[in-house]
Amino acid sequence: MSTRLKKTEVLIIGLGASGGYASLALTRAGAKVVALEAGPRWNALDFPMDEIRNDVRSVLSQRKFTKEIPTWRRNASGVADQTGVAINMMNGVGGTSIHYGMEQWRYLPWNFKERSETIKRYGASAIPSNSTIADFPISYADVEPYYDKVEYDMGTSGRAGNIKGKKVAGGNAFEGPRRRKYPLPPLRSSGWTELMATAAKGLGMHPFPGPAAIRSEAYNGLPACEYCGFCTYNGCMADAKGATDVGAIAKAERTKNLKVVTSARVTKIEVDSNGRATGATFVKGGKKYFQPADVVILSTYIYENTRLLLLSKSKAFPKGLSNNAGQVGKHYISHLYGGVNGLFAGKQLNRFSGSGAQRTSIDDWNGDNFDHTGLGFIGGAVIDARMENKPISAARTTPP
């Protein structure tokens, strides 16, 4: 039997990056919000510069990722396993915004209309007949104002390449138009990032300092980066990251309109007879509770979002919430990474002396920025030459 709690206007499930900014927008507007977070609160003292603790033992992720490592398979008949690059997740107020590498990208305009733009350029045969790829129902122009709001709230560091349709030298030549420059200049360059920028230019590419959710200068009462080199898989002991726990969530709590419930594991989103969400059942301290709400926001990262939808069965949704068409769990993906390391004879690169978000990037091979004719695939990826090569990681990956 669940204990029924006092009803709230908005219930947020998962108080990480998305949930954190939802809480800020809603509480600023005067809404009463309850946020259920499966993890604890963390603070700067929890983030020592310790590669064994952070990267090898994944201490910040032990409550979540190390016990629930996602599996994948190439096709429906394959055997699921855990091979590939492991992208750690974590529970806690601020979620994975606390310990991710802090690259702060916007989608390209092409990403919002991949199907139609591919057919327009290459013909219908460029997309397999059984592909379910679809255009977003919104455009880059619809989202751009909100990209801007978040960048200016957290203090994103970068160099604009396209302001109101006018290309700007030194920035990303392929990005969609933005209304103004970044609030902060890019993180500092290094011998390594400058070496790679020169090499990319020599190959006819368009390098730029990658945008980072790390403050290059003090901003809105929060400090600047100290370039300690222990960002990824770790929180920031200087609070210089754009993590939502010290930014958006802290601001939302100051409105007195946000109540945060930690160590609350949601097990089901409840609905009424019409299939409309009415709140969520969760477990805390071995006891079960029901938190009713007028509006429910699900923002627990892609794996938990999918799992909770599938677990939330009802008369209206016998196969799981929003899954009457059987599509939930079939069209999602997390991060994909590939990498290579090498040695540069006679070069003292000192890649340990900075964050992974401190990098030279190119977008020449991203989206549809290159001709895909005859390649058999569409899309692409960002390529980075980055800092933060820690000792154990270097010993494990760089060839002798």
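Phenylalanine 112 is tucked away in this predicted model: its relative accessible area is just 4%, so the residue counts as buried, the cut-off being under 20%. Tyrosine 140 comes out as buried too, with a relative accessibility of 7%.

Aromatic contacts turn up in several places, and a search of the whole structure gives eleven aromatic pairs. One of them joins the two residues just described: the ring centres of phenylalanine 112 and tyrosine 140 are 6.3 Å apart, and with the planes at 70 degrees the pair is edge-to-face, because the angle is over 60. As for where the partners sit, phenylalanine 112 belongs to the loop between α2 (51-56) and α3 (114-122), while tyrosine 140 is part of helix α4 (residues 140-154), so this pair ties together parts that are 28 residues apart in sequence.

Tyrosine 140 also pairs with tyrosine 147. Here the centres are 6.2 Å apart and the planes meet at 40 degrees, so this pair goes down as tilted. Both of these tyrosines are buried. Stepping back, ring pairs link Tyr107, Phe112, Phe136, Tyr140 and Tyr147 into a cluster.

Rings also take part in contacts with charged groups. Arginine 180 has its charged end over the ring of tyrosine 152, at 3.5 Å from the ring centre. Arginine 188 does likewise with tyrosine 227, its charged end sitting over that ring, 3.8 Å from the centre.

Notes:
Residues numbered from 1 in each chain as written. Predicted model: local features only at pLDDT ≥ 70, side-chain atom pairs only at ≥ 80, totals over all residues. Heavy atoms only, no water. Phe/Tyr/Trp six-rings, centres within 6.5 Å; stacked < 30°, edge-to-face > 60°. Helix = DSSP H or I, 4+ residues; strand = E, 2+ residues; numbered from the N terminus. Buried < 20%, exposed > 50% of the residue type's maximum accessible area, 1.4 Å probe, protein only. Lys NZ or Arg CZ within 6 Å of the ring centre and 35° of its normal.
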